[in-house]
Amino acid sequence: MKVQNQININDYRPAEGFIKRCQELIKKEVLPYQYDVLNDKADNAEKSHVVQNFINAANVLKGKDKGDGFYGMVFQDSDAAKWIEAAAYSLALFPDKELEKKVDDLIDLIAAAQDEDGYLNTRFTIDDKDKRWTNLLEAHELYCAGHFMEAAVAYYEATGKKTLLKVMEKNAEHIYKHFVTEDHSGYPGHPEVELALLRLYKATGNPHCYELAERFLNVRGVDREFYKKEVKARDWTVWGNNAEDMYYQQSYAPVREQADAVGHSVRAVYLYTGMADYASQADDMEMTEACRKLWKSITQKRMYITGGIGSTGIGEAFTVDYDLPNDTAYAESCASVGLMMFASRMLELEPKGEYADVMENAFYNTVLAGMSLDGKRFFYVNPLEVIPGVSGIAATHWHDKPARSSWYACACCPPNIARAVSSFGKYAYGQSESTCYCHLYAAGEVTFDNGVVLECETGYPYEFTVKYHIRKGGKDLAVRIPAWSRSSELLINGEKAVCEIKEGYAYLNGIHDGDEIELKLDSRAFFVYPSAKISENTGCAAVMRGPLVYCFEGVDNEGDVLSLKADDSCGITPSDFDGQLLGGTVVLSLKGARVSGQERLYSMEKPKETESTLTAVPYYTWGNRGEGQMRVWIPLK
């Protein structure tokens, strides 16, 4: 069933351009900073204790004192796993012996914290060993295992080193023994291990990894009462999760019968990623159809224009169709990373442009917005409207902060952003035996398994020409034509290409050595109008240029965006690229009005409107010039 796979992480080499600058930021700033956080050496950051937890766990296994014990969230180990995975991708792009040694040393600490039977989790090694596997609802043992499996595969692919891979294969055998050989019931409270086991299976060929992933997917939601039974069987809890909320943990029905995206948004898209990967490997059409329905539920009814998902802070969750509030949005950074993963696996099932369109939308907007331009501060939550004095203060808006934080006690998002940015090449390019797929536009050289080598040259997302220089051909090339581009032109060796356009991709048959392919996309900025079913946005529009959603910040608009209205009967004017502004960007200007004269809370006098020029900047850049108002959706005159 699988149509194509992601490329190997070593097969993309970035060239000068936007993506390389983002990836260099991860290498130079984010990874060193996050490493210091893991080791409790970063200034002005929440205590992490991640590395010390592994040291303490190893001491316990040696019969020594546990030192200062375990500290942090029950899933604290996963921060180290995601950092290793991000570092692995960075090493594949930019070899660095010093960074590699740091990773190796951390892996040695992790290996020393693994129990003889293969169990690996510092929380239940340092404390409460007798409670292992008795709280699948909350304890995140499988979630942490999954992230370490992903890290192990990534580091093996990047360096060829197997230490962590062997640790996690041993851990997978321990989990297999517990759930399959000994036939203990249950499934992960927080999905993640499903997709990770399938990655581990591809790397090792161990059939137990595949069987475990299949089991966890197949049993989920079959016994809808499982978590309630589990709660009754134990006398302890982590944070008192509601075992009866079957929607929160996606256990309300067997996965093949699920059709609506519900519950905790990160858990949901991690689950759907595993489902889509399994569907393609197993040629499971029933699972495939479930994935299609869940994708449609998200992207047609429950997704923000920025690619953010999860519209409420209550449970960090999806709510109902078209409920997409701007100022109380949750739109967790991790959820958009997960949405990219889901989209990528759907592309492996069937190469449709809509999957790549959403993958691109999530990356350039919510994922990038989750990190400051200097790589040192992060958003957990990504609202589409911020009002200082309300956002982060009012009880209903406490989660929507007007400024990024240096770290979080629950620090899942920062390393997740790092791994997504560093692995962009895997999302950008796919491959099958006969066809090379260009899903996203990333400058650099790509070597495909089928022998094709191409070099991509582009200034995207601020320039709209993408050139592919075929260094070695002999196969077919499929180039995505994004849905936002109202006019596009594809040339091959300077002549208009004669090719089939199918599901958002242009298929070029039999590209040859030396061929020059040029894709010209629409550079015009445009208004986007919401469905009338989204009550929050009645009478409003948003502004985009290419894949970038723009927003209006107070700093560019006299400190006040709440009084602005846009005139969509006039054009939108892009500035020249300004390399000094916000890391290098293009500003949009549009005509509109500023409302004034409404001093009372309510008045019978119609407000006055004064002509005004509105200024917008890319959403991913907001919040980098101090606190101020911000709005994506703007009322129309």
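## Strands, sheets and pockets: a friendly tour

In β11 of this predicted model, E495 is the bridge partner of I492.

Reader: How many bridges pair strand β10 with β11, and in which sense do they pair?
Author: Strand β10 covers residues 489-492. It meets β11 in the antiparallel sense, and the pair I492 and E495 belongs here. The count of bridges between β10 and β11 is 2.

Reader: Which strands stand at the edges of the open sheet of 7 strands?
Author: Let's follow the order of this sheet, β2-β6-β7-β8-β14-β10-β11, where the pairing is antiparallel. An edge strand here has a single partner strand, so one side of it is left without a neighbour in the sheet. The two that fit are β2 (12-14) and β11 (495-496).

Reader: Why can strands sit side by side like that?
Author: Good thing to ask! Strands of a sheet pair, either parallel or antiparallel, because of a link between their backbones: hydrogen bonds.

Reader: Which residue takes a positive phi in the hairpin of β6 and β7?
Author: Strand β6 (residues 444-447) and strand β7 (residues 453-458) run antiparallel and are joined by 4 bridges. T447 has V453 in β7 as its bridge partner. Between the strands of this hairpin there are 5 residues, and the one with a positive phi, near 100 degrees, is G451.

Reader: How many residues lie between β7 and β8 in their hairpin?
Author: β7 pairs with strand β8 (residues 465-472) in the antiparallel sense, over 6 bridges. One of the partnerships is that of L454 with I470 in β8. As for the hairpin that β7 and β8 form, the number of residues between them is 6.

Reader: What is the direction of α14 relative to that of β9, in degrees?
Author: Start with the other open sheet, whose 6 strands come in the order β1-β4-β5-β9-β13-β12 with mixed pairing. Its edge strands are β1 and β12 (500-502), each pairing on one side only. Within this sheet, β9 (residues 476-480) and β13 (residues 505-508) run antiparallel, joined by 4 bridges, and L477 stands opposite L508 in β13. Helix α14 packs on the sheet, touching β9 and β13, and its direction makes with that of β9 an angle of about 55 degrees.

Reader: Which helices each supply at least two residues of the lining of the largest pocket?
Author: This pocket holds about 520 Å³ of space. Its lining has 26 residues, and T299, M303, Y304, I305 and V528 lie nearest the centre. They divide into 16 nonpolar, 6 polar and 4 charged. The helices you are after are α12 (285-301) and α14 (353-369).

Reader: How many charged residues are in the lining of the second largest pocket?
Author: About 440 Å³ of space lies in this pocket. It is lined by 25 residues, with Q6, E157, R199, K202 and K426 nearest its centre. Elements that each supply at least two lining residues include β1 (5-6), α3 (77-93) and α6 (141-159). Sorting the lining gives 9 nonpolar, 5 polar, and a charged group of 11.

Reader: What radius of gyration does the protein have, and why does it agree with a compact globule?
Author: The protein has 16 helices and 23 strands, and its C-alpha trace spans about 75 × 65 × 50 Å along the principal axes. With 637 residues, a compact globule would have a radius of gyration near 26 Å, so there is a value to set beside the protein's own. The two agree, as the protein has 24 Å.

How values were computed:
Residues are numbered from 1 along each chain as its sequence is written. This is a predicted model: local features need pLDDT of at least 70, side-chain atom pairs count only at pLDDT 80 or more; totals for chains, interfaces and linings use all residues. Side-chain values use heavy atoms; hydrogens and water are left out. On a 1 Å grid over the protein atoms alone, a cavity is a set of points where a 1.4 Å probe fits but cannot get out, and a pocket is an open set with protein on both sides within 12 Å along at least five of seven lines; lining residues have an atom within 4 Å of a point. Grid points are joined across faces, edges and corners, and a volume is the space filled by probe spheres set on the points. Ala, Val, Leu, Ile, Met, Phe, Trp, Tyr, Cys and Pro count as nonpolar, Asp, Glu, Lys and Arg as charged, and the others, Gly among them, as polar. Two strands pair if DSSP finds at least two bridges between them. Contact means heavy atoms within 4.5 Å. Axes are lines fitted to C-alpha atoms, for helices over the stretch in contact, and angles run from 0 to 180 degrees between N-to-C directions. The radius of gyration is taken over C-alpha atoms; the globule rule is 2.2 Å times the number of residues to the power 0.38.
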